[in-house]
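Reader: I've got this model open on my screen and I'd like a close look at a single part of it. Could you walk me through one of its sheets, slowly, and then show me how the rest fits around that?

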Amino acid sequence: MKKIIKLIPLMLILVLALTSCQKNAENSGKPKVYTSFYAMYDFTKTIGGDDIDLTNIVPTGTEPHDFEPTASDMAKLSEADIFIYNGVGMESWADKIIETLPQNVKVICTSEQIPTDGNDPHIWLSPQNAKLQMQAICNVLSEVDSKNAQNYINRLDSYLTQIDEVDTEYKNAELDGKTIFVTHGAYSYLCNDYGMKQVALEGVTGDSDPSPSQMAKVVDQIKSEGISCIFYDPLEGDKMAQAVANEADIQALPLYTFEGDSESRDYVTVMKANLEELKKGI
Ligand SMILES: [Zn+2]
C-alpha cells in the first residue's frame, strides 16, 4: 500500500510532464494565422516568414470563387489568432463564418482602406493595392506579436521595394491605351493602373459561360479591332480561350489571377510572368 501511495505523486508528475510536452508541441508560441485564399496566403507568408504558424483555407490549386469551407475548416479557424481575407465579395463564405468566430480571433479585411468599385474583387492585381494589403497584414502581425514587429516591418519594406520595381517595369512597357480580351474579368484594377481596358467573356466571378451569340460578338470585335490574343487564367483552364482563339484565328496566352498557383510562386514572380505574357499578346 505504502508503495502505491509513493508511486501516485510520481505518476502525476509524469502525466503533467507529458501533457505539458504535448501542449508545447501543439502550440509553438507563434501566432496562428489563417488566410482565405492564395494571394492572401502569399502576402502573409512573405511578411510573417518563420515567425508565424500559417494555414491557408482554399487549397492552392483551387479556384476560390465557388469554394465552400468544410466543417473542419470552420472548426480550425475558430482556434486561430488572426484570420486575414480580401473582402469586396471575393470570399462569399467568409462573411457567414466571421459572425460565428469567437471574439479572440482577430479578423482583418485587407481591402478596408482601399477604394474599390464594389464589383470586381481582384484588387491585389494592382501592385499599388497589393502594397496597401501587405501593409494591413504587417500592421496586424506587429500588433498581435509585438516582440517580432521589427521582423515583419523589415520583410514588408524589402518586398515593397520589389513591388515598386515591378510597377516601374509595367509603366515602361507601353501598355497605355491597349485593350486586352480575357476569359475571366479579373483585371480591371490592373488595367486602371496602366491605362488598359479589358473585355471579358465571363463575369468577374467566372461562373457564367458566354452564350453562342455573345461568343460570336466577341469574335467579331476581336477581328475588327485587330486583336492578336485572348488571355486566360490557367487556374480555370484554357478551354474557352482556345475555342475563341480557334474561331478568331488568334493565340491564347495565360494571365494569372493569383487566386491560386500550382507552382506556389510569389506575387512579384507572377506579376513579372504576367507582364511577359502581356508583351507577347498586345
Ligand atoms: Zn476571380
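Author: Here is a walk through one sheet, strand by strand, followed by the other sheet and a few charged pairs. Keep in mind that this is a predicted model.

Let's start with the sheet that holds β3. Four strands make up this open sheet, in the order β2-β1-β3-β4, and the pairing is parallel. At the edges you'll find β2 and β4, each of which pairs on one side only. From one strand to the next, the twist averages 20 degrees.

Now zoom in on β3, which covers residues 82-85. Ile82 and Ile84 point one way from this strand, while Phe83 and Tyr85 point the other way. That's the textbook pattern: in a regular strand the side chains alternate between the two faces of the sheet. Here Ile82, Phe83, Ile84 and Tyr85 are all buried.

What does β3 pair with? On one side there's β1 (residues 32-35), joined to β3 by 3 bridges and running parallel to it. If you want a landmark for that pairing, Thr35 has Ile84 as its bridge partner in β3. Strand β4 (residues 106-109) is joined to β3 by 4 bridges, and these two run parallel as well. Look for Tyr85 standing opposite Cys109 in β4.

To get from β3 to β4, follow helix α4 (residues 92-100): β3, α4 and β4 make a right-handed β-α-β unit. Helix α4 lies across β3 and β4, and runs at about 155 degrees to β3.

Next, slide over to β2, residues 53-56. This edge strand has a covered face, with Leu54 and Asn56, and an uncovered one, with Asp53 and Thr55. Between β1 and β2 there are 4 bridges, and the two strands run parallel. Lys32 has Asp53 as its bridge partner in β2. The chain gets from β1 to β2 through helix α2 (residues 38-48), and this β-α-β crossover is right-handed. Thr35 turns up again here, with Asn56 as its bridge partner in β2. Helix α2 packs on the sheet and touches β1, β2 and β3, its direction making about 165 degrees with that of β2.

Now for the other sheet. It's an open one too, with 4 strands in the order β6-β5-β7-β8 and parallel pairing. Its edges are β6 (197-200) and β8 (251-254), each with a single partner strand, so one side of each is left without a neighbour in the sheet. Neighbouring strands of this sheet are turned by 40 degrees against each other on average, direction ignored. For a closer look, take β7 (residues 229-232), which is joined to β8 by 4 bridges and runs parallel to it. Phe231 stands opposite Leu253 in β8. Helix α10 packs on this sheet, touching β5 (179-182), β7 and β8, and its direction makes about 165 degrees with that of β8.

Stay on α10 for a moment, residues 267-281. At 1.5 Å a residue, its 15 residues should span 21 Å, and the end C-alpha atoms are indeed 21 Å apart. Its buried residues include Tyr267, Val270, Met271 and Leu278. The helix also carries a salt bridge between Glu276 and Lys279, with the closest N and O atoms 3.6 Å apart. These two are 3 residues apart in α10, so about one helical turn separates them. Glu276 is partly exposed at 41% relative accessibility, and Lys279 is partly exposed at 45%.

That brings us to charges in general: side chains of opposite charge can pair when their charged atoms come close. The structure holds 8 salt bridges. One of them links Asp164 and Lys131, with the closest N and O atoms 2.6 Å apart. Asp164 lies in helix α6 (residues 149-171) and Lys131 in helix α5 (residues 127-144), so the pair ties together parts that are 33 residues apart in sequence. Asp164 is partly exposed at 33% relative accessibility, whereas Lys131 is buried at 18%.

Another salt bridge brings together the side chains of Lys147 and Asp145, at 3.0 Å from N to O. Lys147 is exposed, with 66% relative accessibility, but Asp145 is buried, with a relative accessible area of 6%.

Terms used: Residues are numbered from 1 along each chain as its sequence is written. This is a predicted model: local features need pLDDT of at least 70, side-chain atom pairs count only at pLDDT 80 or more; totals for chains, interfaces and linings use all residues. Side-chain values use heavy atoms; hydrogens and water are left out. Buried means under 20% relative accessible area, exposed over 50%, partly exposed in between (1.4 Å probe, protein chains only). Two strands pair if DSSP finds at least two bridges between them. A crossover is right-handed if, with the strands pointing away from the viewer, the path from the first strand over the helix to the second runs clockwise. A salt bridge is a side-chain nitrogen of Lys or Arg within 4 Å of a carboxyl oxygen of Asp or Glu. The expected span of a helix is 1.5 Å times one less than its number of residues. Axes are lines fitted to C-alpha atoms, for helices over the stretch in contact, and angles run from 0 to 180 degrees between N-to-C directions. Contact means heavy atoms within 4.5 Å.
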